[in-house]
Amino acid sequence: MAQAHEAKAIGPANGAAYGAAVGSDAAPAIHGGNSAFLTAGIIVADVVGAGILSMAVAVKLLGWAMGAVAIVLLLAMNVHISILLWRVHMQHPQARTFMELTSAVCADMPEGTRAAVVGLVGAAQSSFLFMVLGLYSLSIGEGLGKLFYDTQICLPVWTLIGSLVLLPVHINATSLGSYTSLIYVNCSTILGSIFGPARL
């Protein structure tokens, strides 16, 4: 009982940290799967890998001053949204997917409204994943085309070849951390693409 009172006393009204979860007396989340280090590697391989090649072009279009301002603002937005998402997750640790989390947050809404919001979130998430995977598929095709530049094959065929090469990995993967070595290789290539040109 004393521990429960102490947990309730810690909240935004009592000077809790910005990232602290409200209602910390809720049941703790059961964590499993990837470690924190491996999860960080997945984030670096995904987010940094998708954006690092286009960042130079974006900064060139905006200019050095506006490009630096945009990077700082986007960093602040990412940190803020990540903290909010973490606090919501700590409020509803039983949710295992983004749609389940949305359903738990909207539990007090009327059933029709809650179903509409959950459906909208699911559609937005699926659309985002579809476009990201399409971008990655095109990147694979363009990469193979530039690697074998003397072979006269069109981009759709290169994209199909790259997708078929990766298909066995995707079929056998049960989670994002199924192939730890691939994540480390991806992070290494990203670091090489950053620090390699910087030394030239």
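A residue counts as buried when its relative accessible area is under 20% and as exposed when that area is over 50%, with partly exposed in between. With that rule, the buried residues of helix 6 are Trp-158, Thr-159 and Gly-162. This is a predicted model. Helix 6 will be the main stop on this tour, but the overall fold comes first.

The protein has seven helices and zero strands. Along the sequence the pattern reads α-α-α-α-α-α-α. Of its 200 residues, 16% count as buried. The protein exposes about 14700 Å², and carbon and sulfur atoms supply 73% of that area. Take the contacts between residues at least 6 apart in sequence: 46% of them join residues at least 24 apart.

The UniProt record, an unreviewed entry, adds an annotation. It places the feature "transmembrane region" at residues 36-58, 64-86, 117-141, 147-167 and 179-198. Two of these spans can be set against the model. Residues 64-86 are 100% helix and 0% strand, and the end C-alpha atoms are 33 Å apart. Residues 147-167 are 67% helix and 0% strand, with end C-alpha atoms 20 Å apart.

Start with the N-terminal side of the chain. Met-55 is found in helix 2, which covers residues 36-62. Is Met-55 buried or partly exposed? Its relative accessible area is 38%, so Met-55 is partly exposed. The C-alpha atoms of Met-55 and Ile-71 are separated by 9.3 Å, and the two residues are 16 apart along the chain.

Ile-71 falls within the next helix, helix 3, which runs over residues 64-91. Helix 3 has 28 residues and reaches 41 Å from its first C-alpha to its last. That is close to the 40 Å expected at 1.5 Å a residue. Its buried residues are Gly-67, Ile-83, Arg-87 and His-89.

Now move to helix 6. Its 18 residues should span 26 Å at 1.5 Å a residue. The end C-alpha atoms are 26 Å apart, so the model agrees with the expected span. Helix 6 also bends, by about 40 degrees at Leu-166. A proline, Pro-168, follows within four residues.

What covers the buried residues of helix 6? The cover includes helix 5. Thr-159, which lies in helix 6, shows the contacts in detail. At 12% relative accessibility, Thr-159 falls under the 20% limit and therefore counts as buried. Leaving aside neighbours within four places in sequence, Thr-159 is in contact with Ser-137, Leu-138 and Gly-141. The C-alpha atoms of Thr-159 and Gly-141 are separated by 3.8 Å, although the residues are 18 apart along the chain.

Trp-158 brings in the aromatic rings. How many aromatic pairs does a search of the whole structure find? It finds one. The partners are Phe-148 and Trp-158, and the pair is stacked. Their rings lie 5.8 Å centre to centre, with 15 degrees between the planes. Planes under 30 degrees apart count as stacked, so 15 degrees qualifies. Phe-148 sits in the loop between helix 5 (111-147) and helix 6 (155-172), while Trp-158 is in helix 6, 10 residues apart.

The two partners differ in exposure. Trp-158 has a relative accessible area of 9%, so Trp-158 is buried. Phe-148 has a relative accessible area of 38%, so Phe-148 is partly exposed.

Definitions and conventions
Residues are numbered from 1 along each chain as its sequence is written. This is a predicted model: local features need pLDDT of at least 70, side-chain atom pairs count only at pLDDT 80 or more; totals for chains, interfaces and linings use all residues. Side-chain values use heavy atoms; hydrogens and water are left out. Helices (H or I, at least four residues) and strands (E, at least two) are DSSP runs, numbered from the N terminus. Buried means under 20% relative accessible area, exposed over 50%, partly exposed in between (1.4 Å probe, protein chains only). Contact means heavy atoms within 4.5 Å. Accessible areas come from the Shrake-Rupley method with a 1.4 Å probe; for residues, only the protein chains shown count as cover. UniProt positions are given in the numbering used here, feature names are shortened, and annotations may be inferred rather than shown by experiment. Rings of Phe, Tyr and Trp (its six-membered ring) pair if their centres lie within 6.5 Å; planes under 30 degrees apart count as stacked, over 60 as edge-to-face and the rest as tilted. The expected span of a helix is 1.5 Å times one less than its number of residues. The bend at a residue is the angle between axes fitted to the seven residues ending there and the seven starting there.
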